[in-house]
Amino acid sequence: MAGYTPMIQQYLQVKADYQDAFLFFRLGDFYELFFEDAIKASQELEITLTARGGGGEERIPMCGVPYHSAASYIEQLIERGFKVAICEQVEDPKHAKGVVRREVVQLITPGTMMEGKGLSEKENNYIASINHFTDETFALAYADLSTGEMRATVLNNDFNEVFNEISLIGAKEIVVSSSFKEEWKKFICERLVMTISNEEDEEIRSEYQPLLSDIDGIKLQSTSARLFNYLHRTQKRSLEHLQPVKTYKIYQYMKIDYYSKRNLELTETIRSKGKKGSLLWLLDETRTAMGGRLLKQWIDRPLIDPSAIKARHDLVETLIKAFFERQEIREKLKEVYDLERLAGRVAFGNVNARDLVQLKKSLQQIPLIREIVERLDSEEATKLAQQMDSSEEVTDLLERAIEDNPPISIKEGNIIKDGYNEELDTYRDASRNGKTWIAQLEREEREKTGIKSLKVGYNRVFGYFIEVTRANLHLLEEGRYERKQTLSNAERFITPELKEKEALILQAEEKSMDLEYDLFTGIREHIKEYIPELQALAKTVSKLDVLQCFATISEERSFIRPNFSNERVMVIKDGRHPVVEKVMNVDHYVPNDCVMNKEREVLLITGPNMSGKSTYMRQIALTAILAQIGCFVPASEAVLPIFDQVFTRIGAADDLVSGQSTFMVEMLEAKNAIANATKNSLILFDEIGRGTSTYDGMALAQAIIEYIHHFIGAKTLFSTHYHELTVLEKELDNLKNVHVSAMEQNGKVVFLHKIKDGPTDKSYGIHVAKLAQLPGELITRANEILASLEKQDPKRHQEESPDLVQNVGQAEETITTKPIEATDHSMIEEEQLSFFSEEQAKGKTQTFTAKEKKVLDKVRDLDILDMTPMDAMNVLYELHKKIKG
Ligand code: ADP
């Protein structure tokens, strides 16, 4: 460091502790960045890179942002996963000896955002800590610093469970010890956008003891402590809004693993990764930000406790019936501000007077909402109303103290109401009297001097003045006016009396501004005491909000209340896929039934591509999830079991980042389901085995079905294009074939999207290719190849689907083929060979009759260049005649 100026030395000392962050170093009105930070930040933020001398031999790269607009730059960096250390001047430069003392006052990280655009209104922003113990178990603790919510759990020895949890909560940052395995960090970072931070300190500090009162076990405590210590170290302030850590067990909720959640598009779509098109998007009729966040939490963790589900359904039913009350509640909820995050910001010390006015307005809605909820005729509603404590002391205080339309700044006055504080009123009187005196002065001076255009004015630099135009200067009494400022055609003066009043006014204003600031911070401190009440109220309000949202959607989209069966029976009548239905149009969606019971544990679904197999499977999973989050379901009748877990393997979710093939992902997902499912689970397998060769795939598919059927007994929907598998119905007692019907009309396929019992065996692939507008020649060629294959293998293709007969309503025949073990392999082999024959690879076909061949030979032998058009015509006529026979 030798050779650097003291300021740069100070910079380097601070930076040494914040190697992994951008250091925003306060210099006057700017935050400056130096060295590597400056180079990187200038690229990330597209700001100009300059350089300055710093005492060393080379100039130091430097860039900077004005402090008043720093927030948006900081947000940009945080959003990209970086950390920003804010280093402020911590002593008054006037009193500093040498370089002003500077310290980092906060380390902002992706997981510790408190405000700003990077913080989505309707989404939590979680930071999690993970511990791995010698007995191979893990513990996870997570917090949303903006709301103060904290939860923790112990997980078994499977790292996948940890990954599932952090992806489920959408954590932005994880805090681990430096011994945490590199391969796990890599696994996470390849799949999720994640910032990884280290914290070695696991000591439980006394100030956090109360937050740990509900949890026992050293695992949970040490993991929570690691998180507290990280938050404490980075935020450098007391975090009084953190709520006691709540423990949970993952099996207390319906388990949906990372892949299944993605496949079912519960909170975001696979393609765009956006909310639009997801179940969350369909459901989100919440009116408050808190409600929006709770809705997402509920979707992430469906319930399995029947009485808890019933309580939600009861309230939804009550709210559906009470149409007018629901509308009133919705209106009032719209006025309720984000109490939860507000409480966080009160604790953090960054609320302004406008926030407090919003807090007051929100609290004023609570008695009105409570009164409406009390009117609802239901036990659950009464309970909810009782939990709505509107913290009247806070409302009263804010009503008395804070102006209705205060400015954003809390340092420039005009935020405290008259009458709230006597001392403030005295200053204000002095200032106001002074101002009246000044207003009178203008009149008196005009009279005294006879100058009609004389003005008394004020500006920040020169204070109060008497302004006289140049032409009138001679009318002023000599010696009484002291010159203060010269303008192009006027002069500004001050008199001894005006000077005296000015001093009084300015002094009173300064004092009142200081006092207002003190009073404001006092009020803010006082409100801190109510944080737990505000947080409890926020919880109740969000719950009401989500329930009214369920009622609103259920009514709008004709959802019905499901019943639950203890017998593991599922009967869904006229079920719909709620999102597909919304996106297309109510009129066009074809509702479908689903019956699953002891004899129908596994449904094997066949049907043409694009007919609606995966839509049907998803619809059933979504129905189960909707029911278990407490919402009604899209059907005309529904009896459902309570599912403990849902597993899916739907669509091609290529795991490109980790370099795994579609087929590997497919097998991993299958393994996950098979290893974890119980008889109370729901498994959806879409086209398992498609990613490998026919025999391989078919064999695996059959073996998987048999395994589930014999050893797990989970409710399983298995769609397949291997129609050979439909014979399993004969072998397996609890498996039934169903198919999606389609109709062939004038050479075109009409998808009916209707699920029926029995198998189908035609794929209609070429028709779909046609729909997708592949080139005409290609389609013709595909039809030719198909025809030729069918000719070679008439046995395989004579088994027309029952739906292929023109009329869909006709009675369906059962298809009789042998199980795979006994399949005529030679038949399929022949087909395989013909596909890959050498001739075909060269672009030739072997599909001509002897007669056709003769014609071809003739054509080949013609010497076209030697022929007249008439000769050609004659030959063509001959050939045509020959081929027509
Ligand atoms: P598959 O899995 O059989 O290839 P999909 O389930 O992907 O077919 O469905 C293809 C398309 O058919 C969907 O995108 C949807 O637009 C439509 N569809 C599916 N089911 C229905 C239905 N029940 N009613 C109306 N349209 C449907």
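Biologist: Which residue has an N or O atom in its side chain 3.4 Å from a nitrogen atom of the ligand?
Modeller: Happy to start there, and please keep in mind that this is a predicted model. A polar contact needs a pair of N or O atoms within 3.5 Å. A nitrogen atom of the ligand and a side-chain N or O atom meet that limit at 3.4 Å, and the side chain belongs to His 753.

Biologist: How much of the ligand's accessible area does the protein cover?
Modeller: On its own, the ligand has 560 Å² of accessible area. Of that, the protein covers 76%.

Biologist: How far is a polar side-chain atom of Thr 615 from an oxygen atom of the ligand?
Modeller: Thr 615 is among the residues that come nearest to the ligand, as are Val 590, Met 610, Lys 613 and Ser 614. Lys 613 uses a polar backbone atom, 2.8 Å from a ligand oxygen. For Thr 615, a polar side-chain atom lies from a ligand oxygen at 2.5 Å.

Biologist: Which helix gives the most to the shell around the ligand?
Modeller: The shell holds five nonpolar residues, eight polar ones and one charged one. Three residues of the shell come from one helix, covering residues 613–629, and that top contributor is helix 20.

Biologist: Are the rings of Phe 22 and Phe 82 stacked or edge-to-face?
Modeller: The whole structure has 24 aromatic pairs. In this one the ring centres are 5.3 Å apart. Phe 22 sits in strand 1 and Phe 82 in the loop between helix 3 and strand 5, so the pair ties together parts 60 residues apart in sequence. The planes stand at 80°, so the pair is edge-to-face.

Biologist: Which residue forms a salt bridge with Arg 375?
Modeller: There are 60 salt bridges in the count. In this one, the closest N and O atoms are 3.4 Å apart. It links Arg 375 in helix 13 to a partner in helix 11, 47 residues apart. That partner is Glu 328.

Biologist: What accessible area does the nonpolar patch with Met 873 have?
Modeller: Met 873 belongs to helix 30, residues 869–884. With Met 870 and Leu 876, Met 873 forms this surface patch, and together they have about 340 Å².

How values were computed
Residues are numbered from 1 along each chain as its sequence is written. This is a predicted model: local features need pLDDT of at least 70, side-chain atom pairs count only at pLDDT 80 or more; totals for chains, interfaces and linings use all residues. Side-chain values use heavy atoms; hydrogens and water are left out. Patches are made of residues with over 30% relative accessible area and no salt bridge: like charges are joined within 9 Å, nonpolar side chains (Val, Leu, Ile, Met, Phe, Trp, Tyr) within 5 Å. Accessible areas come from the Shrake-Rupley method with a 1.4 Å probe; for residues, only the protein chains shown count as cover. A salt bridge is a side-chain nitrogen of Lys or Arg within 4 Å of a carboxyl oxygen of Asp or Glu. Helices (H or I, at least four residues) and strands (E, at least two) are DSSP runs, numbered from the N terminus. A residue is near a molecule or strand if one of its heavy atoms lies within 4 Å of it. A polar contact is a pair of N or O atoms within 3.5 Å; within protein, one must be able to donate a hydrogen and the other to accept it, and residues adjacent in sequence count only if both atoms are side-chain atoms. Ala, Val, Leu, Ile, Met, Phe, Trp, Tyr, Cys and Pro count as nonpolar, Asp, Glu, Lys and Arg as charged, and the others, Gly among them, as polar. Rings of Phe, Tyr and Trp (its six-membered ring) pair if their centres lie within 6.5 Å; planes under 30 degrees apart count as stacked, over 60 as edge-to-face and the rest as tilted.
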